Amino acid sequence: MATDTLKSTTGAGGATAVRRLLLENGALTALIVLVIAMSALSGDFLTTDNLLNVGVQAAVTAVLAFGVTFVIVSAGIDLSVGSVAALSATVLAWTATSHGVPVVVAVLLAVVTGIAAGLVNGFLIAYGKLPPFIATLAMLSVARGLSLVISGGSPIPFPDSVSHLGDTLGGWLPVPVLVMIVMGLIAALVLGRTYIGRSMYAIGGNEEAARLSGLRVKKQKLAIYALSGVFAAVAGVVLASRLSSAQPQAADGYELDAIAAVVIGGASLAGGTGKASGTLIGALILAVLRNGLNLLNVSAFWQQVVIGVVIALAVLFDTLRRKAGAAPAAAGASPGGKGRQAGTYALAAVVTVAIVGATSFLHNGSSSSANPKMGLSLSTLNNPFFVQIRAGAQAEAKKLGVDLTVTDAQNDASQQANQLQNFTSSRLGAIIVNPVDSDAAGNSVKAAGKAGIPVVAVDRGVNKATVDTLVASDNVAGGELAAKTVAEKLGGKGRIVILQGQAGTSAARERAAGFARGLKSYPGIQVLAQQPADFDRTKGLDVMSNLLQAHPDVQGVIAANDEMALGAIKALGAKAGRSVQVVGFDGTPDGLKAVEGGTLYASVAQQPSQLGRIAVDNALKAVQGKKVGAAVKVPVKVVTKQNVAGFTG
């Protein structure tokens, strides 16, 4: 009888403890609800391979966020962690690969780089009295710029001894997950068991009171931001290891994910609260969202909307839960009262509704389980050229009865690696990849190959890995044609400027090489300036406007895509097509309209819709076991006013 009573009491106590844990942590409740919802909606979610994928995909954000937790707990902010991560990885690769520095020393130099960046942030904030937002925003730009300067705008291969950080231990445990766990334990130890951790809470709670109590606030801030820099450096090394190269544009925008993870995990931007465990949960929520939305084939555009809404709702209802819990406590009631319970369950309900609603109304679904399933990962959909590749691929997929899932990597090599991992774990029939960077996609393509999934590369090749076929135009040859076209229009003599693509991307490097090769045959052509405008029309307008101030006598412009060319035309105004000849690249609908109207002299057309169609056709052949060629070259053509009707008709 007594034994039964003891068991009953123990069981009730365990259940109470679990319930209390969930009630006091709305983020954990939300994570559990998300996992349940995703498992119910996708049979591919709750598998060992996919759950490990989620862990790998959360690792970099979590490690960055652990460092940001220190800063936010102390009522600061650090916007520079993404750029510092990229700079640290670049320093490691540059010293080890390009200069033969021993790997151990190179890793230490990468960590020292992170510490140095953090100390600069801390000094500007503590002693320079700059607001944390401004100081770290400045470091964001400085670190990114230094990364581009050191790398020359091109990825630097990682040493094999460091690239193993992206591998698995024992054939099943991914090293990034292990690093995330270790760094999380270190963060928890610092916050909960050290003097500097207690200082963080004191400064965040009331900085003036902390100072009056004898705490050396300025020195503590130096240490806090230095710690953030250390964690950023480790995250950069892990990220670059996954990609087998240091990408100068890596981790762009990751500071926002890191901050979101910290806040979702229960920390207050006002300071004084926050835990490493909460930050880990926040990072996992973001990873589960992105992974699940990929698996459920939610539109790439809607994914951003859903993630933003869920983040906002999670933080909003967690805040309401805290307030509801504080009211009974202030009145002398138990903190775990009805207000707290209502807030927690409201949080869970809202997240559930958001996920179920999104997946019910937004995902494309499968027309039939018997249809071949494929995934297409595009480097970006923020460019008409890649939108046309998608349109061509979707049209061919519909024609052939293929279920095609399309994802948008947003020019982020790491995000694309995540998407390719998701495709692989879903055991799709074939994968089509338009690499953000040819080197960075290598590891993910190898993993797909090991799983027996055919891979087709479109528009850009994949280095250090074998694809079943490459469907592409020759960017270098196209660049040569563009240079030849503008040079001949100017009679072999003249002054031109070149608008380059996004630094570090394969297409930008290849087209620039083509421009340079083509201009060698025309010594009378003087290149006044070469500036990146990131394949973006607005940036093309701004950069061209700036160049016109220094070079008002320019006679020609070569742009690495039509979007930048159209921006340049806007800056040139009446000069475009008259005193200044502009040549673009891609043959997009807007570009061809400008050619027809006479403001754009020519565009090197790649026929992107054709690229998409051929890629799907070859992928289906590979799935069916039919022979496909190692490469399918889609010819580029110079489109001028004389032949544009054949392209727009």
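## Salt bridges, cores and unusual backbone angles

Arginine 460 and aspartate 459 are both buried in this structure, which is a predicted model. Their side chains meet in a salt bridge, with 3.5 Å from N to O. Aspartate 459 is found in the loop between strand 8 (455–458) and strand 9 (469–472), and it counts as buried because its relative accessibility is 2%, where the cut-off for buried is under 20%. The backbone of aspartate 459 also deserves attention, since its phi is near 75°, a positive value in a residue other than glycine. Most residues other than glycine have a negative phi.

Arginine 427 shares that feature of the backbone: its phi is positive, about 55°, although it is not a glycine. Arginine 427 is exposed, with a relative accessible area of 53%, and it forms a salt bridge with aspartate 49, the closest N and O atoms being 3.9 Å apart. This pair links distant parts of the chain, for aspartate 49 belongs to helix 3 (residues 48–73) while arginine 427 sits in the loop between helix 17 (413–425) and strand 7 (430–433), and 378 residues separate them. Aspartate 49 counts as partly exposed, at 44% relative accessibility.

A third pair joins lysine 539 to aspartate 534, whose closest N and O atoms are 2.8 Å apart. Lysine 539 is partly exposed, with a relative accessible area of 39%, and aspartate 534 is likewise partly exposed, at 26%. The three pairs are set out below.

| Salt bridge | Closest N to O distance |
|---|---|
| Arginine 460 and aspartate 459 | 3.5 Å |
| Aspartate 49 and arginine 427 | 3.9 Å |
| Lysine 539 and aspartate 534 | 2.8 Å |

Counted with a limit of 4 Å between a side-chain nitrogen and a carboxyl oxygen, the salt bridges come to 13. Beyond the pairs in the table, Arg537, Glu563 and Asp590 are linked in a network of salt bridges.

The nonpolar interior comes next. The largest nonpolar core has 90 residues, and those with the most contacts inside it are Leu64, Phe66, Phe70, Met200 and Ile285. Helix 3 supplies the largest share of this core, 15 residues. Leaving aside residues up to four places away in sequence, phenylalanine 70 touches Ala187, Val190, Leu191, Met200, Ile224, Leu227 and Phe231. A second, separate core has 48 residues, among them Ala487, Ala576, Leu592 and Ala602.

Among the residues touched by phenylalanine 70 are Ala187, Val190 and Leu191, and these three are also listed among the buried residues of helix 8, together with Val175, Pro176, Val177, Val179, Met180, Met183 and Gly184. Helix 8 (residues 175–193) has 19 residues and reaches 26 Å from its first C-alpha to its last, close to the 27 Å expected at 1.5 Å a residue. The cover over its buried residues includes helix 3, strand 2 (168–169), strand 3 (173–174), helix 9 (195–205), helix 11 (217–243) and helix 13 (276–295).

In soluble globular proteins, nonpolar side chains tend to be buried together. A nonpolar patch nevertheless lies on the surface, formed by Leu130, Phe133, Ile134 and Leu137, which have about 340 Å² of accessible area together. Isoleucine 134, one of these residues, lies in helix 6 (residues 132–151) and counts as partly exposed, at 42% relative accessibility.

Notes:
Residues numbered from 1 in each chain as written. Predicted model: local features only at pLDDT ≥ 70, side-chain atom pairs only at ≥ 80, totals over all residues. Heavy atoms only, no water. Helix = DSSP H or I, 4+ residues; strand = E, 2+ residues; numbered from the N terminus. Buried < 20%, exposed > 50% of the residue type's maximum accessible area, 1.4 Å probe, protein only. Expected span 1.5 Å × (residues − 1). Contact = heavy atoms within 4.5 Å. Patch = residues over 30% accessible without salt bridge, like charges linked within 9 Å, V, L, I, M, F, W, Y side chains within 5 Å. Areas by Shrake-Rupley, 256 points an atom, 1.4 Å probe, with all protein chains shown as cover. Core = buried A, V, L, I, M, F, W, Y, C linked by side-chain atoms within 4.5 Å.
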